[in-house]
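Open the model in your viewer and keep the selection tool at hand. We will start with the whole chain and then move to single residues.

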Amino acid sequence: MSKSNQLKGAVVRRVVTPPQELIDHERNAGHTRFTGAYEDVYMDTWVISNGESSFVLISGEFGMFPGQLALAKRIEEQYGIPCTNIWFTCNHNHQNMLASDPGEGPSEMGAVRMNGDYVDFVAERAMSALEEAMGRLEPVKLGFGQGESYINVSRDCPSLAGTIQASNYAAPSDKTLVVLCMERLSDGKKLGVFINYAMHNNVLFGHQMNDTYQEIGGDCSGAVCRYVESFIGEDCPVSWGIAAAGDQNPIYMSFNFRAEKGEDGGLAVKVHTLQPEDSFLLMHQMAATQGQDVLSVLNNMTDWRDSLSSASAEKRTTVRGRKNYRSQGLQNLMPGQTVEKIPADPVEFRCRLAVLGDIAFVGINCEAYSRLGSLIKEALPYQKIVFIEMAYGHAGYVPDSETEKLNGFGTMATMVYDTKEMEDAVIGAFKALADEIKA
């Protein structure tokens with residue numbers, strides 16, 4: 001563990017909107033449906049140093065952060081920062097091109113490189129931003145605040161035709177809103193704000209499904225960030241990282257699934273989509289709601305530190321795998337309905353923990369269900385937690401052992417054979433990491 005010394009820090013922003021020629025190229029190749037961009041998307045790089053060690057947090061408006069493994073290696077080689085101190089996060093933005101290197105992308109496509117030119121594009125901007133941040137380090141203080149925000153909801157909803165994607169207010173949903181703020185020590189100027197919350201950013205995704213609106217942008221969390229910046233100043237970058245949100249959608253969506261009578265007279269699940277202008281209205285309403293929640297946390301922030309110690313570690317654990325139900329043609333099962341599990345390759349979880357003073361960063365390489373995230377947080381000896389999912393890979397959707405029984409989208413897609421076995425393994429790994437860091 002490094003000593004508690006005076007903090008220095010910096011925040012640097014880069015625009016990471018794919019160039020139009022890149023969008024056109026990938027569209028023509030059949031790798032994306034986007035035609036342009038309705039606004040820029042951003043990537044913010046935070047560096048926090050206590051003189052002995054540095055911590056890097058890079059957050060971007062991506063579906064998942066592209067090229068994490070290779071980028072971490074470059075940073076480690078160039079700056080000597082250990083991988084356990086290098087963290088990437090995204091807002092799980094469905095309004096940007098999905099891109100990844102082999103071995104880190106969505107589990108069903110993990111062996112291929114997706115939109116590789118965009119992976120390279122992002123990597124060069126990340127290295128440029130990090131170089132600038134390292135050269136701009138100055139004495140800072142780091143603030144932590146926590147509240148609640150009510151713009152997310154479980155999307156695993158029972159219906160007459162089986163479980164569909166719709167609002168289920170009875171299912172687990174973590175409303176925790178975490179806000180970090182970096183301020184210059186000499187004059188209190190805000191240098192950056194980071195928001196951590198459990199919600200898919202897919203408000204506009206319905207228009208991709210029916211090909212009515214194909215423009216890149218920040219979706220709902222991007223709108224939250226722009227809203228907060230409009231109050232605190234656009235020279236203070238605001239970024240947003242996804243917490244445990246494998247089963248969490250925004251409360252308002254551009255699309256709606258519902259059970260209706262089909263041509264054969266039986267029930268079928270059909271999707272209905274709003275007009276794009278109506279989707280944007282709902283998106284900005286949610287953004288203003290959470291934006292006010294963030295501003296309330298910021299305005300009442302009293303928990304500051306200008307020095308801290310730091311420690312970090314990582315542990316991997318493997319559990320039995322199975323073929324996901326969707327690959328077997330199964331969907332919209334009834335809650336509690338069971339089907340045969342077909343064994344498949346084991347699933348590896350990469351559990352990460354970094355403790356900066358009394359703030360813990362918890363990372364896992366999957367889309368964890370809300371209750372699974374809560375179980376992990378409750379098992380750890382920390383009160384101030386930033387939860388980062390899809391960290392250094394994507395082992396697919398991972399429901400907890402209780403919510404799994406709803407047979408929602410994540411249950412249909414998971415490759416975990418036994419979710420209780422997984423809970424014990426993952427929670428055990430995080431407890432071991434906490435013990436290692438404490439020692």
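**Whole chain**

Turn on the surface first. The chain exposes about 16900 Å², and carbon and sulfur atoms supply 48% of that area. Keep in mind that this is a predicted model.

Switch to cartoon. You will find 9 helices and 23 strands in the chain. The radius of gyration is 21 Å, close to the 22 Å that the globule rule gives for 439 residues, so the chain is as compact as a globular protein of that length. Rotate to the principal axes: the C-alpha atoms fill a box of roughly 70 × 45 × 40 Å.

Now colour by burial. Of the 439 residues, 59% are buried. Then draw the contacts with a sequence separation of 6 or more. In 77% of these, the partners are 24 or more positions apart.

**Charged side chains**

Select the charged side chains next. There are 38 positive and 56 negative ones. Mark the centre of each set; the two centres lie 4 Å apart.

**Cysteines**

How many disulfides does the chain have? The count is 0. A pair of cysteine sulfurs would have to lie within 2.5 Å to qualify.

Select Cys181 and Cys236 to check one case. The sulfur of Cys236 is the nearest cysteine sulfur to Cys181, and it is 6.0 Å away. Cys181 is therefore in no disulfide, given the 2.5 Å cut-off. Is Cys181 buried or exposed? Cys181 is buried, with a relative accessible area of 0%.

Move on to Cys220. Its nearest cysteine sulfur belongs to Cys225, 9.8 Å away. Cys220 is in no disulfide either. Cys220 also counts as buried, at 0% relative accessibility.

**Lys405**

Finish at Lys405. Where does Lys405 sit? Look in the loop between β23 (397-398) and α8 (409-413). Show the surface around the residue: Lys405 counts as partly exposed, at 47% relative accessibility. That value falls between the 20% limit for buried and the 50% limit for exposed.

Which residues does Lys405 touch, leaving out those up to four places away in sequence? Select Pro335 and Gly336; Lys405 touches both.

For a last distance, pick the C-alpha atoms of Lys405 and Gly265. The two residues are 140 residues apart along the chain, and their C-alpha atoms are separated by 28 Å.

Terms used. Residues are numbered from 1 along each chain as its sequence is written. This is a predicted model: local features need pLDDT of at least 70, side-chain atom pairs count only at pLDDT 80 or more; totals for chains, interfaces and linings use all residues. Side-chain values use heavy atoms; hydrogens and water are left out. Helices (H or I, at least four residues) and strands (E, at least two) are DSSP runs, numbered from the N terminus. The radius of gyration is taken over C-alpha atoms; the globule rule is 2.2 Å times the number of residues to the power 0.38. Buried means under 20% relative accessible area, exposed over 50%, partly exposed in between (1.4 Å probe, protein chains only). Contact means heavy atoms within 4.5 Å. Accessible areas come from the Shrake-Rupley method with a 1.4 Å probe; for residues, only the protein chains shown count as cover. Lys and Arg count as positive and Asp and Glu as negative; His and the chain ends are not counted. The place of a charge is taken as NZ of Lys, CZ of Arg, CG of Asp or CD of Glu.
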